[in-house]
Amino acid sequence: MSDSDTGAGRRSQGDPVPLSAIELRVNDQVRRLEVDPRTSLLDALREHLRLSGTKKGCDHGQCGACTVLINGRRVNSCLTLAVMHEGDEVVTIEGLGDPADLHPMQNAFVECDGFQCGYCTPGQICSAVGMLAEVEAGWPSHATDDVAAPRIALTDEEIRERMSGNICRCAAYPNIVAAIRVIAEGGPA
């Protein structure tokens, strides 16, 4: 008779889950953590590393408030486990810039008043940075008119489609689009 037949070797509901030791590269710093393997990247960032810029909105990947950049691509951090990102480059809003040296997209959001309450702003900015990298790489979206064109025309419709995964409950959308357009057109850095 094996352990699985007798129930031996199984954890009971009251037994603690063994922690996983992981090493994440967050905002150009190697960070070592011991986390429950079920810990989302969002919770690892906020609760374990105390990086509170990344926001918990819906916890279902529907609002975009938790958007971070992983290896340069935008990801909803609430939908991915921290243990899945061993060795990956994770950039949060804190890693893009700081008050004394804003990232160009952060500066554009300030200049264009691309925020109201500010809760969604970190996710909006990280998403916008990732979205512009996708455009630069030539990735079409549902709104792309000519997918064979060597360069994607970044119309307001194209920007809105690409940013549709980021919700602003205060409806600052026109100013968010304007901020992204400033950077896309090579405006003030």
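This note sets out numbered points on the fold, the strand pairing, the salt bridges and the helix packing of a predicted model.

1. Overall architecture. The protein chain holds 7 helices and 5 strands. Read from the N terminus, these elements follow the order α-β-β-α-β-β-β-α-α-α-α-α. The C-alpha trace spans about 70 × 40 × 30 Å along its principal axes.

2. Burial and contact range. The protein chain has 189 residues, of which 40% count as buried. When contacts between residues at least 6 apart in sequence are taken, 53% of them join residues at least 24 apart.

3. The hairpin of strands 3 and 4. Strand 3 (residues 67–70) and strand 4 (residues 73–76) run antiparallel and are joined by 4 bridges. One pairing that can be checked directly is that of Ile70, whose bridge partner in strand 4 is Arg73. The two strands form a hairpin with 2 residues between them. In that turn, Asn71 has a positive phi of about 50°.

4. Salt bridges in general. Over the whole structure, a search finds 12 salt bridges. Side chains of opposite charge can pair when their charged atoms come close. The next points take up individual cases.

5. Glu23 and Arg32. These residues form a salt bridge in which the closest N and O atoms are 3.1 Å apart. The partners fall into separate accessibility classes: Glu23 is partly exposed, because its relative accessible area is 32%, whereas Arg32 counts as exposed at 62%, the cut-off for that class being over 50%.

6. Lys56 and Asp43. The side chains of Lys56 and Asp43 meet in a salt bridge with an N to O distance of 2.8 Å. Lys56 lies in the loop between helix 2 (41–48) and strand 3, while Asp43 belongs to helix 2, so the pair ties together parts that are 13 residues apart in sequence. Lys56 counts as partly exposed, with a relative accessibility of 33%.

7. Glu47 and Arg50, and a network. Glu47 forms a salt bridge with Arg50, with 3.8 Å between the closest N and O atoms. The cut-off for such a pair is 4 Å. Glu47 counts as partly exposed at 44% relative accessibility, and Arg50 counts as exposed at 61%. Elsewhere, Arg74, Glu134, Glu158 and Arg162 are joined into one network by salt bridges that share partners.

8. Packing of helix 4 on helix 7. Helix 4 (residues 104–111) and helix 7 (residues 173–184) pack with their axes 8 Å apart and at an angle of about 135°. Helix 4 is therefore oblique to helix 7, since angles count as roughly antiparallel when over 145 degrees and as roughly perpendicular from 65 to 115. The crossing of helix 4 past helix 7 is right-handed. Helix 4 contributes Pro104, Met105, Ala108 and Phe109 to the contact. From helix 7 come Ile176, Ala179, Ile180, Val182 and Ile183.

9. Surroundings of helix 4. The buried residues of helix 4 are Met105, Gln106, Asn107, Ala108 and Phe109. These buried residues pack against helix 3 (93–96), helix 5 (121–136) and helix 7. Just after helix 4, Asp113 takes a positive phi of about 55°.

Technical notes:
Residues are numbered from 1 along each chain as its sequence is written. This is a predicted model: local features need pLDDT of at least 70, side-chain atom pairs count only at pLDDT 80 or more; totals for chains, interfaces and linings use all residues. Side-chain values use heavy atoms; hydrogens and water are left out. Two strands pair if DSSP finds at least two bridges between them. Buried means under 20% relative accessible area, exposed over 50%, partly exposed in between (1.4 Å probe, protein chains only). Axes are lines fitted to C-alpha atoms, for helices over the stretch in contact, and angles run from 0 to 180 degrees between N-to-C directions. Angles under 35 degrees count as roughly parallel, over 145 as roughly antiparallel, 65 to 115 as roughly perpendicular and the rest as oblique. A crossing is left-handed if the near helix is turned anticlockwise from the far one by less than a right angle, and right-handed if clockwise. Contact means heavy atoms within 4.5 Å.
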